[in-house]
Amino acid sequence: AAELASVEWAAAAKAEAELEEEELALEEALPRPQFVTIDDFVKLVEQAVLWERGEEPRFDTRREVRWLEFERDFWPSLSKAAQKGRGGRDEKAAKHRQGHRARDGDKAEEGGMREEDALVPLTVWTQIRSHIKGSVEAAFGWEPPSAPPAEPSEGSDPRRLVEHKEALEKYNRHLEYERRPPGKPMCKAMYLDLTEGRCLLSKAQRSAAYEYFEMYQGWLLREGRHDECDRILSLVNKLKSVKRAQMEASIWKEARVPFDRIYADEVQDATQAEITLFSLACNDHVDGLFLAGDNAQAITHGVSFRFQELRLIMNLAVGEKRAQSMNTKPLTLTHNYRSHSGVLDFAASFLTQLDACFPRSFQKLAADSGLSRGPRPGVWTCPHGLESLRRALTLDQRLILLTRDENARELEEALTRDSPELENRVNVLGICEAKGLEFNDVLIVDFFSEAPKHLLDGWMKLLNLKVLDDSRAAGAAAGASA
């Protein structure tokens, strides 16, 4: 009996081992989930596309222009007149804007724009990155309509006649747009026709912004450089030119592309063109996309994101009829399990200030609610400057110092210069580096005092405003009447 039990046990153990080997082989054969940044994601897709097409990499990341290089290298290369923020490349356009202002009774300044309407470099960068080169229109290109809308029959409903008139005006306006393949920047006529809901600039400001875009494109060509939008649009162009059947039967499968599902967090820092790339990397199976974010938490320079614009991307990706049958309505989450109510209430009041000063600049959502009140923050004036900070870091090894992005490395070097024992213990992060991370003890160092004067003045004006949220005002009124 013992010998029989031993044989049965050995057989069971062998079967279990074989089953484990089969499961391991199956697991190895299946594609594994990957956790990557947006830059790594673009690199993955780029490698797969280039491999499938037998091409060499075209873009050198060392020659890439981001916001810092745009402000530091491109803007100072402009003439002094152009640096005033009122365009100036196209003299005819400048005179037209000047005449337009004069007819409207406004005081026209140099370049046809009032001084208070002048564009700052960040505004120009945002127009280029979010609209002219980073929009869904730039990603999908443009094909003019093949025929005008059909004429309504005699005796049609007056509303039908109004609809036909509007459709005909839209058709004639669209005929002015340049035919563009996928992955090409938006033409000027299309950019000028963007709705106010998408672009808050006036027509004169947009015309000036497009002039800066043309100057910027010429500068990139002369310098042999590119930006992130060029890289994204190049990939979109390649993917849109590949038939789906070819993609499914090609080497894409071995390169783990197309993806079955893409879950993207912090999507408010992505342009429409990048979200289009998400869709194409799923082989236009947009129901495989799960996007999460909060546009009030955007930290990337030059990105103007709104969740309601996602439907526009879906309409162009899969067609309007199919997109309407899909669940693309954003779901708003208001219960916050990370931050306490003290932090959330302050953030909500700050957003109220922003909304009052810059209406329609972001999509304001319902305020978050936390689980507890939490401790009150404190203000600490270092009596001995850096030495006080070093002592605080020595006493609390969990302490994290947050400061302006451009000052983070300088502060870290200053703290460790005369204290080598702190070299491996000092944690100084910029705001962008700290985004999404959690810490027990945080000290915000010189965020305002180290800001450039024009930013400091803006912060002071913003924080000193007395703005009351509508819901709080209603609550206060109800309490007073009670």
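This is a short tour of a predicted model, with a selection to make at each stop.

**The whole protein**

Start with everything shown as a cartoon. The protein has 20 helices and 7 strands. Of its 482 residues, 36% count as buried. Next, switch on the surface: the accessible area comes to about 30,000 Å², and carbon and sulfur atoms account for 52% of that area. If you display contacts between residues at least 6 apart in sequence, 74% of them join residues at least 24 apart.

**Colour by confidence**

Now colour the model by pLDDT. The average for the protein is 78, and 80% of the residues score at least 70. Which element has the lowest mean pLDDT, and which the highest? Helix 20 (residues 470-481) is the lowest, with a mean of 37, and strand 2 (residues 226-227) is the highest, with 96.

Select residues 96-111, where the pLDDT is below 50; in the model this stretch has 29 contacts beyond near neighbours in sequence. Then select residues 468-482, where the pLDDT is also below 50; here the model has 7 contacts beyond near neighbours in sequence. Where pLDDT is low, the predicted coordinates should not be read in detail.

**Strand 2 and His 226**

Go to His 226, which is in strand 2. Is His 226 buried or exposed? Its relative accessible area is 6%, under the 20% cut-off, so His 226 counts as buried. To see what surrounds His 226, select Phe 59, Asp 60, Thr 61, Arg 63, Glu 64, Val 65 and Leu 220; these are the residues that His 226 touches, leaving aside those up to four places away in sequence.

**Helix 17**

Select helix 17, residues 408-417. Its buried residues are Ala 408, Leu 411, Ala 414, Leu 415 and Thr 416. What do these buried residues pack against? Add helix 16 (386-395), strand 5 (399-403), strand 6 (428-430) and helix 18 (431-434) to the view; the buried residues of helix 17 pack against these four elements. A general point helps when reading the side chains here: an α-helix has 3.6 residues a turn, so residues three or four places apart point the same way.

**Two cysteines**

Show Cys 282 and Cys 432. Cys 282 is buried, at 1% relative accessible area, whereas Cys 432 is partly exposed, at 35% relative accessibility. How many disulfides does a search of the whole structure find? The search finds 0.

**Two loop residues with positive phi**

Most residues other than glycine have a negative phi. Select Glu 266, in the loop between strand 3 (262-264) and helix 12 (272-281). Its phi is positive, near 55°, and Glu 266 is partly exposed, at 28% relative accessibility.

Then move to Asp 446, in the loop between strand 7 (441-444) and helix 19. Asp 446 is not a glycine, yet its phi is about 50°. With a relative accessible area of 40%, Asp 446 counts as partly exposed.

**A nonpolar patch**

For the last stop, select Phe 448, Met 460 and Leu 463 with the surface on. They form a nonpolar surface patch, and their accessible area together is about 230 Å². Met 460 belongs to helix 19, residues 453-463. Why does Met 460 count as partly exposed? Its relative accessibility is 36%, and partly exposed means the range between under 20% and over 50%, so Met 460 falls in that class.

Conventions:
Residues numbered from 1 in each chain as written. Heavy atoms only, no water. Disulfide = S-S within 2.5 Å. Buried < 20%, exposed > 50% of the residue type's maximum accessible area, 1.4 Å probe, protein only. Patch = residues over 30% accessible without salt bridge, like charges linked within 9 Å, V, L, I, M, F, W, Y side chains within 5 Å. Areas by Shrake-Rupley, 256 points an atom, 1.4 Å probe, with all protein chains shown as cover. Salt bridge = Lys/Arg side-chain N within 4 Å of Asp/Glu carboxyl O. pLDDT = per-residue confidence, 0-100. Contact = heavy atoms within 4.5 Å.
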